[in-house]
Amino acid sequence: MKKILAIALCAVLCLGLLAGCGEAETVETTPAAELETIKVGASITPHAEILEAVRGELEAQGYELEVVEYTDYILPNVSLSDGSLDANYFQHGPYLTTFNAEHGTDLANAASIHYEPMGIYPGAKSTLDELAEGDTIAIPNDGSNETRALLILQELGYITLAEGINASSNATVLDVVDNPLNLELLEMAAENIPNSLPDVAFGIINGNYALQAGLTGADALASEDAESDAAQTYANIVACRAGEEDSPKIQALIQALTSETCREFIEATYNGAVVPIF
């Protein structure tokens, strides 16, 4: 009789275990909320790096970041205008204004994020004391960045610009009214200047292209003052299609790029070559 009871008890326990296992197999789990993609065009350095640093900030807001890297200043705006991107982060406001005017696009400045002081870098000559009559200095050929380069040369006393030229102007070499050393101001695409340094006395280079070329702020022989009006005028921005500035995607991107995480990354990584202005 005891043997029979033991067998019966064992059977009940086994059935209970089987039932428990079966119940565990049918438990349904709730899937994690699906992230919405936000596609942002950026220069490789520093913009794409900064975006990667705030990937977690965007995920916390429900967005999966997709960064599309560009090596020029034209395609990121073309891609934004045609809808291939949700936003881009590579340019300053005056350049965007010039681009809209020249290409008939309708892109908007959604927020200012950081400033990259433009500097004059050694080429065939290593110090500004070596500058001589007829020397060639490479400068960017797009309106807003050419203005910055010309203002640096004027600040150094090498040229004089027409009266009224300031950081917001769209100046060119035609606005130079005095050039006592007869310097050749060689206009070229901004991204090509670092590779052209061996062929010119000096080159004036945008901050991001200097970084890509392995140059730092310490390598510049002279540069814009990070505390000057130019810092606000030439702040690097988040751009989007006009009318979408307040959309959830763009606001999430701005929140991430103006977070403390972003500030700490910029300050720890670029040693003054990139300066947060938020």
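In this predicted model, Tyr-95 is a good place to begin: with a relative accessibility of 7%, Tyr-95 counts as buried, because the cut-off for that label is under 20% relative accessible area. The ring of Tyr-95 has an aromatic partner in Phe-99, and the pair is tilted, with 6.2 Å from centre to centre and 40 degrees between the planes. Both residues belong to helix 5, where they are four residues apart and therefore separated by about one helical turn. In general, an α-helix has 3.6 residues a turn, so residues three or four places apart point the same way. Phe-99 is buried as well, at a relative accessible area of 2%.

Aromatic pairs like this one come to six in total. Another of them joins Phe-90 and Tyr-95: the ring centres are 6.3 Å apart and the planes meet at 75 degrees, so this pair is edge-to-face. Phe-90 has a relative accessible area of 3% and is therefore buried. Which residues make up the aromatic cluster around these rings? Phe-90, Tyr-95 and Phe-99 are joined in one cluster by Tyr-73 and Tyr-209. Elsewhere, an aromatic ring is met by a charge: Arg-148 lies over the face of Tyr-234, at 4.5 Å from the ring centre.

Helix 5 itself deserves a wider view. The helix spans residues 93–103 and lies across strand 3, strand 4 and strand 12, running at about 105 degrees to strand 3. Its buried residues are Gly-93, Pro-94, Tyr-95, Leu-96, Thr-98, Phe-99 and Asn-100. These buried residues pack against several elements, among them helix 4 (75–81), helix 6 (143–155) and helix 9 (229–233). Strand 3, strand 4 and strand 12 are also on the list of elements that they pack against. After helix 5 comes Gly-104, which has a positive phi, near 70 degrees.

The strands beneath this description belong to an open sheet of six, in the order 2-1-3-12-4-13, with mixed pairing. Its edges are strand 2 (63–70) and strand 13 (275–276), each of which pairs on one side only. Strand 1 (residues 36–43) runs parallel to strand 2, and the two are paired over eight bridges. Within this pairing, Ile-38 stands opposite Leu-65 of strand 2. Helix 2 (residues 44–53) lies across five strands of the model, namely strand 1, strand 2, strand 3 (87–92), strand 4 (107–115) and strand 12, and runs at about 155 degrees to strand 1.

Strand 12 (residues 236–241) includes Arg-241. Is Arg-241 buried or exposed? Its relative accessible area is 18%, so Arg-241 is buried. The side chain of Arg-241 reaches the backbone oxygen of Leu-80 at 2.6 Å. Beyond its sequence neighbours up to four places away, Arg-241 touches Leu-80, Ser-81, Gly-83, Leu-85 and Asp-86, and also Asp-106, Leu-107 and Ala-108.

A further set of pairings centres on strand 10 (residues 202–205), in which Phe-202 and Ile-204 point one way while Gly-203 and Ile-205 point the other way, and all are buried. In a regular strand, the side chains alternate between the two faces of the sheet. Strand 5 (residues 119–122) pairs with strand 10 in the antiparallel sense over four bridges, and here Ile-120 has Ile-204 as its bridge partner. Strand 6 (residues 136–140), by contrast, pairs with strand 10 in the parallel sense over two bridges; here the bridge partner of Ala-138 is Gly-203.

Leu-211 offers an example of parts far apart in sequence. This residue lies in helix 8 (residues 207–212) and, with a relative accessible area of 18%, is buried. Leu-211 and Ile-44 are separated by 167 residues in sequence, with 9.6 Å between their C-alpha atoms. Apart from neighbours within four places in sequence, the contacts of Leu-211 are Thr-45, Pro-46, Tyr-270, Ala-273 and Val-274.

For the protein as a whole, 11 helices and 13 strands are found. Of its 278 residues, 45% are buried. Among contacts with a separation of 6 or more, 75% are between residues 24 or more positions apart.

Technical notes
Residues numbered from 1 in each chain as written. Predicted model: local features only at pLDDT ≥ 70, side-chain atom pairs only at ≥ 80, totals over all residues. Heavy atoms only, no water. Buried < 20%, exposed > 50% of the residue type's maximum accessible area, 1.4 Å probe, protein only. Polar contact = N/O pair within 3.5 Å; in protein donor to acceptor, adjacent residues only side chain to side chain. Contact = heavy atoms within 4.5 Å. Pairing = 2+ DSSP bridges. Axes fitted to C-alpha atoms, helices over the stretch in contact; angles between N-to-C directions. Phe/Tyr/Trp six-rings, centres within 6.5 Å; stacked < 30°, edge-to-face > 60°. Lys NZ or Arg CZ within 6 Å of the ring centre and 35° of its normal.
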